[in-house]
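Q: Please take a close look at a single part of this model, one helix, and then place that part within the rest of the chain. I would like the cut-offs behind each term stated, so that I can reproduce the values.

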Amino acid sequence: MTGFSMPNMPVAIDPQKAMQEMANWQMKFGALQANLRGLQDETNGATARECVYQQDKVRLYRYAGEGNRKAPPILICYALVNRPHMMDIEAEKSLIRSLTKRGHDIYLIDWGYPDPADRVLSLGDFIFGYIDDCVDEVRRLTRSDAVNLLGVCQGGCFSLCYAAANPDKVANLTVMVTPVDFQTPDNLLTKWAMHADVGQAVQAFGNIPGDVLNVSYVSLKPFQLNVQKYLALLDIGDDPEAVRSFMRMEQWIFDSPDQAGACYGEFVRKFHQDNELVKDALSIDGVQIRLDRLTMPVLNIYARDDHLVPPAASKALASKVGTKDYQELEFPGGHIGIYVSGKSQKLVSPAISDWLIARN
């Protein structure tokens with residue numbers, strides 16, 4: 001018998017093929033198990049670094065530029081959510097390494113892991129406290145009057161606010177996958193956040209657990225992020241390096257620090273729910289944040305297929321800045337792929353480097 005079909009069953013099943021398919025899956029699963037054994041945690045990225053400044057939980061790391069090429073130093077401000085080694089997750093997929101190879105000294109703000117003592121930290125504590133201190137340290141170390149600031153996602157929002165309030169300390173501003181208009185029709189994250197009672201959550205938790213936020217992000221693309229990617233893992237299970245790469249990404253995704261309660265509450269209310277940044281209605285610790293005070297050169301990089309920060313949310317910056325030296329760049333990929341895909345290594349880091357060098 002070569003095959004059979006059941007009544008009302010539109011698909012004919014070949015038993016021999018079905019058994020072979022099951023055998024193939026068992027082999028793939030066995031290979032995957034073998035390659036998963038012995039994997040070690042890799043949380044610090046791929047590129048050598050040194051801590052040059054420390055305050056509370058915050059660390060400022062320096063990645064030294066390579067070669068004799070004179071390229072301007074860059075200070076990276078990452079988001080509070082997730083860990084910043086996404087930008088240096090492995091040697092062949094590292095935006096930081098790509099930039100150091102082009103001669104840039106990279107300084108990176110690592111926010112660390114908040115504990116219950118940090119629940120009262122506000123937006124102002126992060127933006128006008130920690131970021132300002134790191135900016136001043138980079139200015140001292142590089143003997144510069146102003147820094148080249150690169151903000152990523154929520155860290156881009158912080159960077160916009162900081163630069164608008166301190167234009168004399170920022171020579172050039174780059175933002176990547178950074179939302180400005182939080183209420184574009186395709187902004188799934190804001191649709192989730194619009195009706196969240198953040199006051200009650202902060203009162204209940206103090207700090208917002210990172211695991212709670214992870215569930216929220218995964219729920220935005222439930223099939224792809226809960227089922228599809230793990231089924232796809234079986235297809236690479238016999239490739240040790242591919243498995244290591246997959247697990248590095250998984251470790252990063254679920255290595256989510258808790259969020260300082262007061263800061264998280266402010267951010268959701270002011271940015272997501274009230275959309276104050278794009279309205280020029282944002283006030284942080286009494287400082288009015290107006291985007292037309294961004295008079296330095298601005299480079300705005302966004303990802304074409306970003307489901308967390310849709311392109312329209314980022315492109316809203318163009319009509320708000322006060323500089324005439326404004327440039328937008330769209331790159332293929334999603335919110336994370338813009339850092340770790342092969343295309344990003346060939347396109348994103350050269351674009352940032354060339355743009356900065358042309359202005360220094």
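A: The account below begins with the helix and then turns to its surroundings and to the chain as a whole.

This is a predicted model, in which local features need pLDDT of at least 70 and side-chain atom pairs count only at pLDDT 80 or more, whereas totals for chains, interfaces and linings use all residues. Residues are numbered from 1 along each chain as its sequence is written, and side-chain values use heavy atoms, with hydrogens and water left out.

The part examined is helix α3, which covers residues 123-142; helices (H or I, at least four residues) and strands (E, at least two) are DSSP runs, numbered from the N terminus. At 1.5 Å a residue, the 20 residues of α3 should span 28 Å, and the 27 Å between its end C-alpha atoms agrees with that, the expected span being 1.5 Å times one less than the number of residues. Even so, α3 has a kink of about 30 degrees centred on D132, where the bend at a residue is the angle between axes fitted to the seven residues ending there and the seven starting there. Just after α3, R143 takes a positive phi of about 55 degrees.

The buried residues of α3 are L123, G124, F126, I127, Y130, I131, D132, C134, V135, E137 and V138; buried means under 20% relative accessible area, exposed over 50%, and partly exposed in between, with a 1.4 Å probe and protein chains only. An α-helix has 3.6 residues a turn, so residues three or four places apart point the same way. D132, at the centre of the kink, counts as buried because its relative accessible area is 15%. Leaving out residues up to four places away in sequence, D132 touches I127, Y162 and K169, a contact being heavy atoms within 4.5 Å.

Three other buried residues of α3, C134, E137 and V138, meet L60 of strand β2 (residues 58-63). L60 counts as buried because its relative accessibility is 0%. Apart from neighbours within four places in sequence, L60 is also in contact with E50, C51, V52, Y53, L75, Y107, L108 and I109. L60 and I109 are 49 residues apart in sequence, yet their C-alpha atoms are 4.8 Å apart in space.

C134 also enters the cysteine geometry, because its sulfur is the closest cysteine sulfur to that of C77, at 8.5 Å, which is too far for a bond. C77 is buried, with a relative accessible area of 0%. The sulfur of C161 is likewise too far for a bond, because the closest cysteine sulfur, in C157, lies 7.0 Å away, and C161 is buried at 0% too. The structure holds zero disulfides, a disulfide being a pair of cysteine sulfur atoms within 2.5 Å.

Beyond α3, the structure holds six aromatic pairs: rings of Phe, Tyr and Trp (its six-membered ring) pair if their centres lie within 6.5 Å, and planes under 30 degrees apart count as stacked, over 60 as edge-to-face and the rest as tilted. One of them joins F182 and F271 edge-to-face, at 5.6 Å centre to centre and 65 degrees between the planes. This pair links distant parts of the chain, 89 residues apart, with F182 in the loop between β6 (170-176) and α5 (188-193) and F271 in helix α10 (residues 261-273). Both F182 and F271 are buried. F267 and F271 are stacked because their ring centres are 4.4 Å apart and their planes are at 20 degrees; being four residues apart in α10, they are separated by about one helical turn. Ring pairs link F158, F182, F267 and F271 into a cluster.

For the chain as a whole, the secondary structure comes to 13 helices and 10 strands, and 49% of the 360 residues count as buried. Among contacts with a separation of 6 or more, 79% are made by residues 24 or more positions apart. The chain exposes about 16,900 Å², of which carbon and sulfur atoms supply 52%; accessible areas come from the Shrake-Rupley method with a 1.4 Å probe, and for residues only the protein chains shown count as cover.
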